[in-house]
Amino acid sequence: MFKKIVLSLFAFCSASMALDAATIIANQKNAAFPDTAEIRIKTTVAIQGMPEQAIESRIITKGKEKTVTEIKSPLMNMKIVRNGKQLSVTDLKTGAALPSQMAGQAAEYDISQDMGKPEDYLAPVKEGNFWRLSHKNPEQAVFFYSEELKRIVKIQQTVQPGVQSETSIKYCSKECAFPGMPASIDIFNQMNGQTVAKISLEIISMQKLANIPDAVFAVPKK
C-alpha cells in the first residue's frame, strides 16, 4: 500500500511539473516584436557552391497592416511599402516601380502566429535540456522549448523527402532593449543529412516607436 501511495504521489508530481502546449505557445507570443517599431536586420545567405551574400534591411512597422521595408545588397536596393492589401515595390537606384510579387513578409518573426492551437499538439515530452512539442500531423514542424528561457529555441521540419529544415533561435538577454525577443535566427537546409544552404538573420537594432504618420506608408498610385 505504501509503495502504491509513493508511486501515485510521484506520478502526480511529474504531471504537475510537466508543460502543456498552451503554456509554450503563450510564452512564445511574448517574443513577438512590438507592432510599431523600427528594426534593422542583417541577413547572410550561404548556398553551397555560390558566393555568400549579405543583405541589410530596415523595417518600419505600424500595427499589423502597415510596413515599410528597405533592402540593400550588392544585387538589389529596393523599398517595399505595404499598407493593408495595397503594396508597392520601388528600385531605390532608379526610382522605377517593380512587380509587387517581389515583396516578402520581411518583418514576420513571430513564430507563435504559425503554431496554430494548443489542441493541435501532442503533450510535450522532455528531451535532454528541452521540451519537444510535436504536432498531431507528423508533416508539421517540431518545436524545441527551453523552460529556462521560456522560448522556443529550435524548429525542425521535413520540407520534402530527403530535405530537412532546422531553425535555431537565440534571444536577447536582460541587458538588451527588448529582452526575450529574437537576437539572431539561423536556418539550415539539409539534403540527405548534408547542409546545402544557411540563412542567418542578426537583429542589429530595435526601437519601439510611439507614433508614425500614415503618410510614411502611402502606396504610390500607378
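Reader: How many disulfides does the structure hold, and what makes a pair of cysteines count as one?

Author: The structure holds zero disulfides, a disulfide being a pair of cysteine sulfur atoms within 2.5 Å. This is a predicted model, in which local features need pLDDT of at least 70 and side-chain atom pairs count only at pLDDT 80 or more, while totals for chains, interfaces and linings use all residues. Residues are numbered from 1 along each chain as its sequence is written, and side-chain values use heavy atoms, leaving out hydrogens and water.

Reader: Why is Cys-172 in no disulfide?

Author: The cysteine sulfur nearest to that of Cys-172 belongs to Cys-176 and is 3.2 Å away; set against the limit of 2.5 Å, this is too far for a bond, so the two do not count as a disulfide.

Reader: Are these two cysteines buried or exposed?

Author: Buried means under 20% relative accessible area, exposed over 50% and partly exposed in between (1.4 Å probe, protein chains only). Cys-172, at 14%, is therefore buried, whereas Cys-176, at 29%, falls in the partly exposed range.

Reader: What makes the pair of Tyr-121 and Phe-143 edge-to-face?

Author: Rings of Phe, Tyr and Trp (its six-membered ring) pair if their centres lie within 6.5 Å, with planes under 30 degrees apart counting as stacked, over 60 as edge-to-face and the rest as tilted. Tyr-121 and Phe-143 have 6.2 Å from centre to centre and 65° between their planes, so they meet the distance limit and fall in the edge-to-face class. A search of the whole structure finds one aromatic pair. Tyr-121 lies in the loop between strand 6 (97–98) and strand 7 (125–127) and Phe-143 in strand 9, so the pair ties together parts that are 22 residues apart in sequence. Both Tyr-121 and Phe-143 are buried.

Reader: Which residues touch the most other members of the largest nonpolar core, and what makes a set of residues such a core?

Author: A nonpolar core is a set of buried Ala, Val, Leu, Ile, Met, Phe, Trp, Tyr and Cys residues joined through side-chain atoms within 4.5 Å. The largest has 29 residues, of which Met-115, Tyr-121, Leu-133, Phe-143, Ile-152, Ile-155 and Met-206 touch the most other members. Among the elements that each supply at least two residues of this core are helix 2 (21–29), strand 1 (36–47) and strand 13 (194–208), helices (H or I, at least four residues) and strands (E, at least two) being DSSP runs numbered from the N terminus. A second, separate core of six residues includes Met-78, Ile-80, Leu-87 and Val-89.

Reader: Why is Ser-134 called buried, and what does its side chain contact?

Author: Ser-134, placed in strand 8, has 17% relative accessibility and therefore counts as buried. Its side chain makes a polar contact with that of Arg-132 at 3.4 Å.

Reader: What makes Lys-150 and Asn-192 notable in phi, and are they buried or exposed?

Author: Most residues other than glycine have a negative phi. Lys-150, in the loop between strand 9 and strand 10, has a positive value near 60°, and Asn-192, in the loop between strand 12 (182–191) and strand 13, has a positive value near 55°. With a relative accessible area of 43%, Lys-150 is partly exposed, whereas Asn-192, at 68%, is exposed.

How values were computed:
Polar contact = N/O pair within 3.5 Å; in protein donor to acceptor, adjacent residues only side chain to side chain.
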